[in-house]
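Welcome to a short tour of the spaces and cores inside this protein. Have the model open beside you as you read, and turn it as each part comes up.

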Amino acid sequence: MAAAIALSQRGRGLSTPNPNVGCLIVKDGHVVGRGWTQRGGRPHAEAQALDEALDRARGATAYVTLEPCFHLSPRGPRCADRMARAGVRRVVIALRDPDPRTDGQGAAWLRQHGVAVDMGLMAGEAAAAMRGFVLRQTLGRPAVTLKLGLSLDGRIALADGSSRWITGPEARAHAHMERARHDAILVGGGTLRADAPRLDVRLLGLEDRSPRRVLLSHGDAPGGWETIAAPEDIAALPQVDHLLVEGGAQAAAAFLRADLVDRLLLYRAPILIGAGLAGVGDIGLTDLAGAHGRWRLDDERRLGNDRLEVYLRSRNA
């Protein structure tokens, strides 16, 4: 299942409006088919894995990160039906599908057709890998990642606004990889006016994975951009399950004030700036007690001379 979850990440930022699912088909201890949801949502991970396995799927065990779909679609057959027809003996599912069109019906269909079904293996990890889809189904909005490139003293630029470059090439490359894993990327009007950012992916082989560009502003967006007036408007962005917020300080503060940030990417450079521009504006905090317990460290690593810290929002705090 861990391998299937890793496969699912290949489709993140590409598979919307469908979830980024991973699937492995195993027979006699050997992987005979593997798949992940492709660009635009088709083919599904299960369909790709079955096409690779062919007749070797009969009697095999399938590991899939999300319950196989049950609803009818003009875009392709139901994965639950296709697995049963292929003769798969057992299906191990990580996460029950929160989409009401499936929501347990896929597993029930498989059982009715003689397929053994186990559900819940590594469900938390699978949900994290498909965070955007899960939040879209449960809260009606995309998952939001806030990215900040900071000095040790929490600055994003010199006092005159100069910000190139605070972090080194390794950290910037990692940030471009993160762009490739999101459907859309957002900045505020101040960042647009000051930096005229391209917001594309400049990694060899991933240039075609540049996300859509969104402006947080009450004014009009330039050509090729979309605009929203408030953080809450992200719910109305079509086919966006994963949104990356890149700047600047006021846009970051607006999303934090609205409690719409699910994940923080902090790239810290080993430099001190002093009287520069703060990374985050006023987030409306009136009591230090309210700042504690809201974030938990999920990952940290060295990127060249810089350090990356990844935090997840603790929603039960």
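## Cavities, pockets and cores

The second largest cavity holds about 30 Å³ of space. Please keep in mind that this is a predicted model. Around that second largest cavity you will find Gly11, Arg12, Gly13, Ser15, Thr16, Asn18, Pro19, Asn20, Phe133, Asp241 and His242. Sorted by class, its lining has 7 polar, 2 nonpolar and 2 charged residues.

How many cavities of 30 Å³ or more does a search of the whole structure find? The search finds 2. The largest cavity has a volume of about 40 Å³, and its lining is made up of Arg12, Arg131, Ala143, Val144, Thr145, His182, His242, Asp262 and Arg263. Here the classes come to 4 charged, 3 polar and 2 nonpolar residues. Strand S6 gives the largest share of this lining, with 3 residues. Arg12 and His242 line the largest cavity, and Arg12 and His242 also appear in the lining of the second largest cavity.

Now for the open spaces. The largest pocket has a volume of about 1100 Å³. It is lined by 43 residues, and those nearest its centre are Ser163, Thr191, Asp195, Glu246 and Gly247. Elements that give two or more residues to this lining include helix H7 (169-180), helix H8 (189-195), helix H9 (249-257), strand S6 (143-150) and strand S11 (242-247).

The second largest pocket contains about 480 Å³ of space. Of its 22 lining residues, Leu256, Leu264, Val280, Ile283 and Trp295 are the closest to its centre. S6 supplies at least two residues here, as do strand S12 (263-268) and strand S15 (306-313).

The table sets out the make-up of the two pocket linings.

| Pocket | Nonpolar | Polar | Charged |
|---|---|---|---|
| Largest pocket | 21 residues | 14 residues | 8 residues |
| Second largest pocket | 13 residues | 5 residues | 4 residues |

Helix H9 deserves a look of its own. Because 7 of its 9 residues are buried, H9 is largely enclosed by the rest of the structure. The buried residues are Ala249, Ala251, Ala252, Ala253, Ala254, Phe255 and Leu256. After H9 comes Asp259, which has a positive phi near 55 degrees.

Next, the packing of nonpolar side chains. The largest nonpolar core has 39 residues, and Cys23, Ile25, Met83, Val88, Val91, Leu110 and Met130 have the most contacts inside it. Strand S4 (residues 90-95) provides the largest share of this core, 5 residues. Apart from this core lies another, of 23 residues, including Ala252, Phe255, Val261 and Leu266. Ala252 and Phe255 are among the buried residues of H9.

Which residues does Met83 touch, not counting residues up to four places away in sequence? Met83 is in contact with Cys23, Glu46, Leu50, Ala62, Pro68, Val88, Val91 and Leu110.

Finally, a hairpin. Strand S1 (residues 22-27) pairs with strand S2 (residues 30-36) in the antiparallel sense, over 6 bridges. Lys27 stands opposite His30 in S2. There are 2 residues between the strands of this hairpin, where Asp28 takes a positive phi near 55 degrees.

Definitions and conventions
Residues numbered from 1 in each chain as written. Predicted model: local features only at pLDDT ≥ 70, side-chain atom pairs only at ≥ 80, totals over all residues. Heavy atoms only, no water. Core = buried A, V, L, I, M, F, W, Y, C linked by side-chain atoms within 4.5 Å. Buried < 20%, exposed > 50% of the residue type's maximum accessible area, 1.4 Å probe, protein only. Helix = DSSP H or I, 4+ residues; strand = E, 2+ residues; numbered from the N terminus. Contact = heavy atoms within 4.5 Å. 1 Å grid on protein atoms, 1.4 Å probe; cavity = no way out; pocket = protein on both sides within 12 Å on 5 of 7 lines; lining within 4 Å. Points joined across faces, edges and corners; volume = space filled by probe spheres on them. Nonpolar A, V, L, I, M, F, W, Y, C, P; charged D, E, K, R; others polar. Pairing = 2+ DSSP bridges.
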